[in-house]
Amino acid sequence: MQRRWSLIPLVTLLAFLAGNVPQVLAVMSSANYSIGWDSVGVGGSDTSSSATYKLRDNFGFVQGASSSASYQLNSGYRAGVYDRVADFNVNSQLRSSAVAATSATATTVTVTSTSGYSVGDYILVIANEGSGQIAETGKITSIASPIITVDAFNGAGPTIDGSNDLVYRLSGSTLDLGTLTTSAVTTSVIGWDVTADVAQGYSIYVVEDHDLQNADSVPIADVADGTVSVGAGEYGAISSDTSLASSTFDTADTAITSALQQVASRSDNSFSTRDFLTLKVAPVSGQASGTYTQTLSLIYVGDY
Amino acid sequence: MSATTSLRRLLLVITALLFFVLPNYVQAISFTPTATDISLMPGDTLTKTFTLTNNSTVAKNYQTSLNLVHFDSVTHEPIFDTWPASLNSSVTVDTQTFTLDPNQQKTVTLTVTPPTNTTASSLVIGLIVAEVASSASVQVTPGVSSLVFVTIGQPSVLPVITSFSSSSFASSSLPIDFTGNIINNGDRTLQPFGTITVYNVFSKRVATFDMNPTLRRIPSAQNRAFTATWGATRVTGNFFQELWREVTNPMIGFFTAELLAAPYPGADATLSQTTHVVVLPWRALIIIIGLGIVTTVSVRRRRSRR
């Protein structure tokens, strides 16, 4: 009887070890091969082309997918073939769309008027507009005046208390910097939205065609000290992405140049990920008058 | 009322009207593929096609451009250099500028024809398609790029595994991360392709997983770390949560992990390295041993009573 009882710990231990069964994750690849996709029971060619057309045709395939603990099957025509696609959406702060904001929550902002705003619009919420402004962007999912609801805000999470807090629409390619003055830093925002089926992620780069300059090619100088200051005759930008590896747009007001510079990045697949760039302009006393122009290109680059 | 004041009011009214009258327009594009490879011999010609779609609600003009690309050794970010005129006859794009209506697509074809006397080498081309600004003011335009990794001939392939290790030598349960560092000392862009296989002390295979499932590339003179996880990733819990984990997902013993990979798809698997880990579910073992002691003591007490 005593021996039987003494066996209990040993049996328990063996039972524990018995659970240590092999856990095989089968994959259709080895060090030497990979089967991307294959067709079974099909003859002839599924592509054809001439100088003026290209056709990828199919007939009679059944699309579907099934799986168990040890395998995964995607069936159908070219089920295993797809090219990485990146969708890139860039919009500028529409100055004429400004409405005052009185309060905000994680996904809503209360405004003085919702006229001109529609579901699907991208909006920019700014607290204390000016050189030290804090902003966030979102995409409108519903409007129940005076409350605008967005899918999610991305940004620094500004505190909206109704004092110099504004909401703008992000729309189109023309960026209105407004009337520049030597007594303030003028700001304007460029926002973007990326959906990319690229597992390694992506980066967004900014590049200019030339300095911000008037018709006589008189420029407002690029910021060089990390801060665009009132009356200093400086122009620069700072990104909402605070973890950039290869530029200073994450930590300081930085000059935009004719070389591609990183302003945002992600390291995995992205669905509607958003960032924005805040441009800051502070003309110097005696700055030549006129309309200042520049083309800024935001370039999506998928990681490799 | 002065003429200036009247003009200012008129401008304000026009601006306000424009906000309500003009439809909100989306400025968007999509592009595919975002990275691709070309491998050819000197004198041969290969083409790659790329598809751009205008997802904006209005027609847009676009312009293509080429850049030579190299990579920052620390951040690994691509750096777009000026396109050298010496490559103009070897690499061409079939279109420079074009216009797309909303939702219209355009196929851009890149043709690569290295001269017959080109030495075996590799280069990276940055194809950029960017929207052309429509008017003179401050304009913001989107653009997209595809990195084209070109291999000409058979350049040297010299990958070196500088390290292969687990996140910790001893763990109480899964998951365990295995990280392999590979440096590309050759001239060919690498795309390590292989598996990490875990064997138990009886040399029986326990798990196999891809070491680079997304086929990340390693440009020449660059190094990359590839991490694969054995077991499902999770957040570390308290003592009892970890104990439950050890009991419901039992794993114990000494294991050997073997990294076996080819430097790029289609090449022989020449990259090999092993490392070892110990999985010791100490919480579960303490409980089991404790139960054993309690059981033994109680049995002895019963026996002594008899």
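How many helices and strands does chain B have? Chain B has 3 helices and 18 strands, and the close-ups below visit some of them along with parts of chain A. Please keep in mind as you look around that this is a predicted model.

**View 1. Chain B as a whole.** Before zooming in, here is some background on this chain. Chain B holds 306 residues, and buried residues make up 43% of them. If you take the contacts in chain B between residues at least 6 apart in sequence, 68% of these join residues at least 24 apart.

**View 2. An aromatic pair that crosses between the chains.** Over all chains, the count comes to 14 aromatic pairs. One of them brings together A:Tyr304 and B:Phe71, whose ring centres are 4.6 Å apart. Are these two rings stacked, edge-to-face or tilted? With 50° between the planes, the pair is tilted, since planes under 30 degrees apart count as stacked and those over 60 as edge-to-face. A:Tyr304 comes from the segment after strand E17 (294-302) of chain A, while B:Phe71 belongs to strand E4 (residues 60-71) of chain B. A:Tyr304 counts as buried because its relative accessibility is 7%, and the cut-off for buried is under 20%. B:Phe71 is buried too, with a relative accessible area of 10%.

**View 3. A polar contact from A:Ser297 to chain B.** Stay with strand E17 of chain A, where A:Ser297 lies. The side chain of A:Ser297 makes a polar contact with the side chain of B:Thr141, at 2.9 Å. Setting aside residues up to four places away in sequence, A:Ser297 touches A:Tyr205, A:Val206 and A:Val207 as well as B:Thr141. Is A:Ser297 buried or exposed? It counts as buried, at 13% relative accessibility.

**View 4. Rings and charges in chain B.** Here you can pick out a cluster in which ring pairs link B:Phe164, B:Phe178, B:Phe209, B:Trp230 and B:Phe255. Two other rings of chain B have a charge sitting over them. The charged end of B:Arg216 is 4.9 Å from the centre of the B:Phe226 ring, over which it sits. Likewise, B:Lys106 places its charged end over the ring of B:Phe98, 5.6 Å from the centre.

**View 5. An open sheet in chain B.** Which strands form this sheet, and in what order? The order is E12-E18-E17-E14-E15 (chain B), making 5 strands with mixed pairing. Strand E12 (170-171) and strand E15 (205-210) are the edge strands, each pairing on one side only. E12(B) runs parallel to strand E18 (residues 271-279) of chain B, and 2 bridges join them. Look for B:Ala170, whose bridge partner in E18(B) is B:Val278.

**View 6. The two faces of helix H2 in chain B.** Helix H2 (residues 239-248) has the buried residues B:Glu242, B:Leu243, B:Arg245 and B:Glu246. Seen down the axis of H2(B), the buried residues fall within an arc of 160°, so they line one face of the helix. The face turned away from the buried side carries B:Phe240 and B:Trp244, both exposed. At the N-terminal end of H2(B), B:Asn238 acts as a cap, with a side-chain oxygen 3.1 Å from the backbone nitrogen of B:Phe240.

**View 7. Strand E8 of chain A and its partners.** Follow strand E8 (residues 134-144) of chain A and you will meet strand E7 (residues 122-127), joined to it by 6 bridges and running antiparallel. A:Ile123 has A:Gly138 as its bridge partner in E8(A). The hairpin of E7(A) and E8(A) has 6 residues between the strands, and there A:Asn128 takes a positive phi near 55°. Through 2 residues, another hairpin joins E8(A) to E9(A). Strand E9 (residues 147-150) is antiparallel to E8(A), with 4 bridges, and A:Ile143 is partnered with A:Ile148 in E9(A). E8(A) also pairs with strand E10 (residues 154-155), in the antiparallel sense over 2 bridges. In that pairing, A:Glu136 stands opposite A:Gly155.

**View 8. A:Asp250 in a loop of chain A.** A:Asp250 is found between strand E14 (234-239) and strand E15 (261-266) of chain A. This loop residue is buried, with a relative accessible area of 13%. A polar atom of the A:Asp250 side chain lies 3.0 Å from the backbone nitrogen of A:Leu244. Beyond its neighbours within four places in sequence, A:Asp250 is in contact with A:Asp241, A:Thr242, A:Ser243 and A:Leu244. A:Val263 is 13 residues from A:Asp250 in sequence, and 7.4 Å separates them in space, C-alpha to C-alpha.

How values were computed:
Residues are numbered from 1 along each chain as its sequence is written. Chains are lettered from A and ligands numbered from 1 in the order in which they are written. This is a predicted model: local features need pLDDT of at least 70, side-chain atom pairs count only at pLDDT 80 or more; totals for chains, interfaces and linings use all residues. Side-chain values use heavy atoms; hydrogens and water are left out. Rings of Phe, Tyr and Trp (its six-membered ring) pair if their centres lie within 6.5 Å; planes under 30 degrees apart count as stacked, over 60 as edge-to-face and the rest as tilted. Buried means under 20% relative accessible area, exposed over 50%, partly exposed in between (1.4 Å probe, protein chains only). A charge sits over a ring if NZ of Lys or CZ of Arg is within 6 Å of the ring centre and within 35 degrees of the ring normal. A polar contact is a pair of N or O atoms within 3.5 Å; within protein, one must be able to donate a hydrogen and the other to accept it, and residues adjacent in sequence count only if both atoms are side-chain atoms. Contact means heavy atoms within 4.5 Å. Two strands pair if DSSP finds at least two bridges between them. The arc is that of the directions from the helix axis to the C-beta atoms.
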